[in-house]
2 protein chains.
Amino acid sequence: MKRILTLVAVLLTAHAAVAQQAIFQPKQVVSPEINPDRSVTFRLDCPKAITVQVVGDFLESGVKYTTADLVQGEDGVWTYTTEPLEPELYSYSFLVNGVRMLDPANIYRNRDVATWTSIFIVSGKKGDRGDLYSVNDVPHGNVQKVWYESPTLGLTRRMTVYTPPQYEKNTKERYPVLYLCHGAGGDENAWSELGRAAQILDNLIATGQAKPMIVVMPNGNCNTEATPGEWSAGMYQPSFGGGKFPQPKATMQESFPDIMNYVEKHFRVLKGAANTAMCGLSMGGGHTFHTTKMYPGKFGYIGLFSSAVYLGNRSDKTPIREQMATSTEFQKEMAALFAAKPKLYYIAIGETDFLIDSNNALREFLDSKGYPYEYFETSGGHIWVNWRIYLADFAKKLFK
Amino acid sequence: MKRILTLVAVLLTAHAAVAQQAIFQPKQVVSPEINPDRSVTFRLDCPKAITVQVVGDFLESGVKYTTADLVQGEDGVWTYTTEPLEPELYSYSFLVNGVRMLDPANIYRNRDVATWTSIFIVSGKKGDRGDLYSVNDVPHGNVQKVWYESPTLGLTRRMTVYTPPQYEKNTKERYPVLYLCHGAGGDENAWSELGRAAQILDNLIATGQAKPMIVVMPNGNCNTEATPGEWSAGMYQPSFGGGKFPQPKATMQESFPDIMNYVEKHFRVLKGAANTAMCGLSMGGGHTFHTTKMYPGKFGYIGLFSSAVYLGNRSDKTPIREQMATSTEFQKEMAALFAAKPKLYYIAIGETDFLIDSNNALREFLDSKGYPYEYFETSGGHIWVNWRIYLADFAKKLFK
């Protein structure tokens, strides 16, 4: 350690390269600071600012541009302390003279489509929601980015794969698989970054609340190969809908066997419906809805989170209830799906989610046919706060 | 695709969650825009700013806080266009009324210790340096983060492993291994992010300039388990030297067999010096220097990049040349290392690097003993621009 510290001293006195300069700035404030009472203090060292505000989802969830003012101290540092916060992963940014920027004292940040936000986690005690999203001193699964061939799409594509703790050690053991799908604007990094999937699984497995499982996070934008910047389209600006790229050759559900083929060939998986789950959020809930009814008997556990529930053609203006009541194709597919007796058909959504009506329509259809399902309604809307809750809840129910 | 676009329309008109708001902002400027003549235009939509500047390593490499002024147009958007730039990966940030922030229109960014910078790549033609750092339409290797036991350090630790294209397909084939070490302030993510290691290897392998190889990027901070935020120490602010954590139980070189044991057990590697290379930058060059002489005959290819060359005790004020001339332990180790006839001992450094004198001392020692080595001197100093160049140069020489 002494050797390392001496080297640091050398580096600190050395001629600094541009990319490393900011560390040599005079004052290093701590921001955010999570206080013992679960209040949070933000600090920004910006002596010449006229106004500094913080905007974040802890202020008033779901309300646009709710801000709180930071106050400048005699040392030039601006501060603001929140009320005690509930355990959660929170997102925020600063407005300095009205200009949005991230907290320069906080290296932790998430990207959602084209927007970065600073993040922090509040946790009060073991097992609360903040703890569940934290990296704890428990065995960790490995996360890899793998490239696979999708003949159906004519593309080489990337996905994220989580293998549970001990997967490398227990070379004879096979594991069940959860396919976990992102929403519009996301990609194969969304669940592992915004969704804290590896942390949730590590923590649930460590406490015996979830079975050890492989979690596969594919890319649901069938006209792209991978997350922006990680394939040959260059460093483009992401947008909802995949932007400028040519239309895909096939849908997610049509190309889904390519994903499963790769996973079943390259990982030690347990096959069959009892060992295969699929879930997704929003567009990925739609992918789950369509894929699971296209391949009845393949998936024993099915989870729709804030799901984009629609039938064949979304530009069809016919009300969803009428479509469900009249489409013989839909009714046949659902009959086949439930004839195969999936162990769990799970629908979760927030009470203010803009997609709740079509989810209600689906529930009414399931009720009318006597198809069993579980329903989980939370407060809030179409937000990651809810999707992390749904993943944790759903994962506990799998493969048991 | 039509389905996806309709969903987008639904989402755009929906009640937006805080974390997704920024995408709904009125004007979306393109920044940075790489122009056909390799000049680059920066844009910031910030009507009320008084001054906007850009600071970046393309302005005058290595000079602190060289800035260029953006000029405001009638639409409120600030712009600045550079001279045509040489092919390279560049870093920059904006100063808005003197406050540093990243480019909000550019999602691409790198973290170096505690500082994020926006990045972009300029490339003029196939095979130039910018092209080498880009994700091209070539076969890609897979990148994984694996946890391994280090009994020597008493820790479970994480490293990054790149496996070359076709590794998954050619299940009978074994591959040589390069151990690639980061510098002080870095971690197991440094080479894969700042260093563009996967892109460099993909592109060199695709063009036949490098042999397919496994690249192992361990964490060289022996008192931590993983990159900040990815282990149980919480979301702390990184600093040079590993900060607040207890002293490690052993050095990097002492614990290095734990890394090799894991890699040789869990990956299909070719063993022996002819198939084993080690290199590193700065502190990681020091790790390479010490590890390779501690285990003579283990490493056939040895690369010191801008290396922290020192002998046993860095607080020893004795001039390095005198230490090398008088330490029988050092001389014995180097004699054993070169008696095993490594295929390549490679020293690379920039002409203004603050570590050049100790590297010169090492070269004088090697010359005095007649130990063969290659020397590669570039312009510039202790910067990632040079380390990417050295990796590409070194990788081409391996396992041939």
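What covers the buried residues of α8(B)? The cover includes α6 (283–294), β16 (301–305), α7 (320–326), β17 (344–350) and α9 (356–369) of chain B, where contact means heavy atoms within 4.5 Å and buried means under 20% relative accessible area, exposed over 50% and partly exposed in between (1.4 Å probe, protein chains only). Helices (H or I, at least four residues) and strands (E, at least two) are DSSP runs, numbered from the N terminus.

The model is predicted: local features need pLDDT of at least 70, side-chain atom pairs count only at pLDDT 80 or more, and totals for chains, interfaces and linings use all residues. Residues are numbered from 1 along each chain as its sequence is written, chains are lettered from A and ligands numbered from 1 in the order in which they are written, and side-chain values use heavy atoms, with hydrogens and water left out.

Helix α8 (residues 328–339) of chain B has 12 residues, and its end C-alpha atoms are 16 Å apart, which agrees with the 16 Å expected at 1.5 Å a residue; the expected span is 1.5 Å times one less than the number of residues. Its buried residues are B:F330, B:E333, B:M334, B:L337 and B:F338. They lie on the same side of α8(B), because they cover an arc of only 125 degrees around the axis, taken from the directions from the helix axis to the C-beta atoms. An α-helix has 3.6 residues a turn, so residues three or four places apart point the same way. On the other side of α8(B), B:T328, B:E329, B:K332 and B:A339 are exposed. Just after the helix, B:K341 takes a positive phi of about 50 degrees.

The largest nonpolar core has 47 residues, and B:L178, B:L180, B:W191, B:M213, B:F305 and B:F394 have the most contacts inside it. Such a core is a set of buried Ala, Val, Leu, Ile, Met, Phe, Trp, Tyr and Cys residues joined through side-chain atoms within 4.5 Å. Helix α10 (residues 384–396) of chain B gives the largest share of this core, nine residues. Not counting residues up to four places away in sequence, B:F394 touches several residues, including B:L178, B:M278, B:F305 and B:Y346.

Aromatic pairs form a further theme. Rings of Phe, Tyr and Trp (its six-membered ring) pair if their centres lie within 6.5 Å; planes under 30 degrees apart count as stacked, over 60 as edge-to-face and the rest as tilted. The structure holds 63 aromatic pairs over all chains. The ring centres of B:Y92 and B:F94 are 5.8 Å apart and their planes stand at 65 degrees, so this pair is edge-to-face; both residues are buried. B:F376 and B:Y390 also form an edge-to-face pair, at 5.9 Å centre to centre and 75 degrees between the planes. This pair links distant parts of the chain, with B:F376 in strand β18 (residues 374–378) and B:Y390 in helix α10 of chain B. B:F376 is partly exposed, with a relative accessible area of 26%, whereas B:Y390 is buried at 0%.

Chain A offers a view of the strands. Strand β3 (residues 52–56) of chain A has five of its five residues buried. Five bridges join β3(A) to the antiparallel strand β7 (residues 88–96), where two strands pair if DSSP finds at least two bridges between them. In β7(A), A:V96 is the bridge partner of A:V52. β3(A) also pairs in the antiparallel sense with strand β4 (residues 67–69) of chain A, over three bridges, and A:V54 stands opposite A:A68 there.
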